[in-house]
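Open the model in your viewer and keep the sequence panel in sight. We will go from one selection to the next, with a short note on what to look for at each stop.

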Number of protein chains: 2
Amino acid sequence: MQPSDDAGGGPDAQAAIEGACTRFLHWHGRRRPADLLADIPADVVPDRYGDGGVVVELEGEVAELLGADATVFLPSGTMAQQAALRVHADRRGRRTVVFHPACHLEANEGRAYERLHGLVGRPTGSPERLLTLDDLDGVAEPVAALVLELPQRDLGGQLPDWDDLLAQVEWARRSGAAAHLDGARLWECTPFYGRGLAEIAGLFDTVYVSFYKLLGGLAGCCLAGPRDIVAEVREWRTRHGGTLFALWPYAASALAGLRLRLPRVPVYAAHAKAIADAVRDLPGVAVVPDPPQTPMLHLLLDTGAEQFRAAALDLAREQGVWTWPRSQPTGSPHVQRVELTVGDATLGFEPGEVRDILRRLAAG
Amino acid sequence: MQPSDDAGGGPDAQAAIEGACTRFLHWHGRRRPADLLADIPADVVPDRYGDGGVVVELEGEVAELLGADATVFLPSGTMAQQAALRVHADRRGRRTVVFHPACHLEANEGRAYERLHGLVGRPTGSPERLLTLDDLDGVAEPVAALVLELPQRDLGGQLPDWDDLLAQVEWARRSGAAAHLDGARLWECTPFYGRGLAEIAGLFDTVYVSFYKLLGGLAGCCLAGPRDIVAEVREWRTRHGGTLFALWPYAASALAGLRLRLPRVPVYAAHAKAIADAVRDLPGVAVVPDPPQTPMLHLLLDTGAEQFRAAALDLAREQGVWTWPRSQPTGSPHVQRVELTVGDATLGFEPGEVRDILRRLAAG
């Protein structure tokens with residue numbers, strides 16, 4: 001065994017440690033390429049440039065789940081959301097899109113909405129909390145679309161109260177703006193609201209849902225909405241270069257993940273709550289949000305980055321349990337953040353065991 | 001057996017006929033999803049958002065083959081070429097891109113170069129023949145990039161003479177324009193030129209090559225060029241929504257196809273020539289180009305669309321040989337066009353047998 005001050009060395013050393021682990025705390029754990037491909041049925045019907053086969057089957061099943069008139073499969077949410085916002089903007093002759101500062105469009109896409117589509121982003125509200133109606137009331141200019149992310153990933157999967165959500169969507173309607181849902185993790189929202197997917201999705205003009213987060217597919221997403229808007233999004237999918245010759249591997253994997261894991265969402269969510277109950281009184285550990293509102297939660301640990309990493313790798317070496325190779329920084333040098341998505345692998349850990357793990361990681 | 005005047009009925013009837021066929025004339029024949037997935041090795045190393053694993057392995061192998069400084073894998077040529085042209089245009093402060101009227105950018109991408117990137121397309125020359133230096137000399141405005149497609153798919157895979165090619169690239173250099181190669185089928189050019197891939201690719205500033213045409217991969221392509229340009233193309237890949245969570249299924253399939261089929265290109269090309277030799281004296285059959293310059297050729301048949309379809313479906317029912325479910329129109333209502341890419345499946349047909357098939361299809 002290597003000494004703990006090695007901190008895992010380079011990527012190869014880390015991969016070796018991870019490779020020797022037998023249990024995984026986060027998400028669905030280690031799934032090798034062969035496992036992921038095994039989700040694709042041998043008799044899957046292929047598409048050709050997105051037409052036909054399992055792509056259409058997936059689109060139909062998602063439309064049904066969301067109560068949408070139409071859906072289109074796209075290889076990425078980056079593509080789907082830009083396309084939807086472009087359509088909303090063109091139809092309104094407006095360019096401004098309002099979103100939370102942590103919005104994926106703002107933070108992770110190289111400002112593509114601006115560079116490719118000539119849209120103007122208006123980050124609204126504060127990165128540390130959810131968007132509020134007050135924030136929106138502070139917007140004076142005409143708006144093409146309001147983007148809401150449910151749940152807000154960067155805030156540990158927080159969700160606004162239902163009435164608050166209704167009020168914000170109503171603000172969009174009043175403003176003549178489209179209401180667009182970044183529902184990458186929409187699947188995770190139903191236990192908190194006690195409402196079905198279709199009721200939540202039905203508030204919005206367009207809805208983007210992802211298949212490779214909680215559902216564990218290879219990649220890809222759907223954009224749902226009225227028939228005419230979805231038809232136009234298909235045109236933008238072609239322009240973006242997303243109407244691939246063969247989309248069926250992603251679509252088939254997505255459909256398998258949807259059918260397998262969507263029914264498990266309440267179980268994941270309950271386990272997230274049980275874990276929060278077990279760890280919230282640990283010294284140096286804070287749960288965000290507390291209680292968790294979805295299968296996702298963030299944990300703030302009173303430790304340093306190197307200290308955390310050394311502890312996580314020690315744990316992996318000694319117990320064969322893989323947690324997180326690195327923590328994320330926060331505003332404080334003494335506090336590190338990790339994200340736990342409760343998935344198939346996490347269900348294999350009793351809350352008490354997670355408590356022991358976090359005590360060790362927080363102690364450094 | 002159904003009567004031939006049924007013409008195959010709807011898509012289901014056609015699929016049933018195709019499903020009962022045992023031999024396929026075009027390309028690599030029928031490959032079911034399970035066959036395509038079987039090309040992916042069980043121990044493939046995955047990427048994460050395009051980083052690492054088989055994606056990097058493929059990029060390295062293609063860079064080596066093309067003699068390029070750098071390469072990047074992208075899910076589609078639509079994305080790759082727009083990105084490359086945008087980079088060339090931004091660096092020159094110019095917007096105009098010159099290409100053949102049948103260029104994929106012009107014909108198949110919903111004018112994305114214009115709508116997403118603000119580029120101005122200038123189709124140059126005539127759709128019925130290759131671009132010439134004379135055509136280019138007629139361009140008076142400053143040009144950001146010249147796009148050449150080798151071979152020109154819409155013209156049956158025609159290629160300019162080497163000296164002509166050099167002169168056109170030289171025109172780009174003289175004009176201060178980048179020379180970009182649409183090399184979707186670059187792999188097919190080496191027998192005609194008697195030169196290696198690196199020598200052909202080396203003429204250009206940037207080169208796009210595809211993996212799902214002759215090479216038979218699932219989808220995807222590489223863009224090759226200088227390190228700084230490829231790095232910027234990577235940024236555009238993200239903006240286009242092409243930096244997918246998992247690109248490894250496509251990259252692994254591409255790598256398998258590259259290794260398996262690139263060495264077969266001379267065999268495919270020789271067989272295309274042998275087929276042309278066997279069919280060119282048939283009444284009502286013309287070969288384009290004659291002789292074929294690559295593994296691809298077009299066949300012009302003196303027949304009508306419905307007549308062709310009925311004959312092709314009859315042949316399929318009677319002999320279990322699948323050719324083309326439909327022909328393409330030409331300027332003449334009495335002439336139909338089909339495209340033959342000589343691939344693994346085609347190699348199973350002696351030229352004399354192809355002659356018999358075409359005699360039947362041309363006779364209607």
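The tour below visits two sheets, a salt bridge and the contact between the chains.

**Before you click.** This is a predicted model, so local features need pLDDT of at least 70 and side-chain atom pairs count only at pLDDT 80 or more, while totals for chains, interfaces and linings use all residues. Residues are numbered from 1 along each chain as its sequence is written, chains are lettered from A and ligands numbered from 1 in the order in which they are written, and side-chain values use heavy atoms, leaving out hydrogens and water.

**Stop 1: the seven-stranded sheet.** Select the strands of chain A in the order β2-β8-β7-β6-β5-β3-β4: these 7 form an open sheet with mixed pairing. Helices (H or I, at least four residues) and strands (E, at least two) are DSSP runs, numbered from the N terminus, and two strands pair if DSSP finds at least two bridges between them. β2 (70–74) and β4 (120–123) of chain A are at the edges with a single partner strand each, so one side of each has no neighbour in the sheet. From one strand to the next, the twist averages 20°.

Now zoom in on β7 (residues 206–210) and β8 (residues 221–225) of chain A, which run antiparallel and are joined by 4 bridges. Here A:S210 has A:C221 in β8(A) as its bridge partner.

Next, show helix α8 (residues 162–175) of chain A, which packs on the sheet and touches β5 (145–149) and β6 (178–183) of chain A. Its direction makes about 160° with that of β5(A); contact means heavy atoms within 4.5 Å, and angles run from 0 to 180 degrees between N-to-C directions, with axes fitted to C-alpha atoms (for helices, over the stretch in contact). Add helix α11 (residues 227–240) of chain A: α11 lies across β2, β7 and β8 of chain A, at about 15° to β2(A).

**Stop 2: the four-stranded sheet.** Select β9-β10-β13-β12 of chain A, an open sheet of 4 strands with antiparallel pairing. Its edge strands are β9 and β12 (328–329) of chain A. Between β9(A) and β10(A) there are 4 bridges, and A:V285 stands opposite A:L301 in β10(A). Then show α13(A), which lies across β9, β10 and β13 (335–341) of chain A at about 155° to β9(A).

**Stop 3: a salt bridge.** Show the side chains of A:D290 and A:R280, which meet in a salt bridge at 2.6 Å, N to O; the rule asks for a side-chain nitrogen of Lys or Arg within 4 Å of a carboxyl oxygen of Asp or Glu. A:D290 is in the loop between β9 (285–288) and β10 (296–302) of chain A and A:R280 in the loop between α13 (265–279) and β9 of chain A, so the pair ties together parts 10 residues apart in sequence.

**Stop 4: where the chains meet.** Bring in chain B. The contact takes 38 residues from chain B and 38 residues from chain A. About 3100 Å² is buried between them, 67% of it from carbon and sulfur atoms; buried area is the accessible area (1.4 Å probe) that two parts lose on being put together, summed over both. Highlight B:P33, B:L116 and B:R239, which lose the most area to chain A on the chain B side, together 21% of what that side buries. How many salt bridges does the rule find across the interface of chain B and chain A? The count there is 0.
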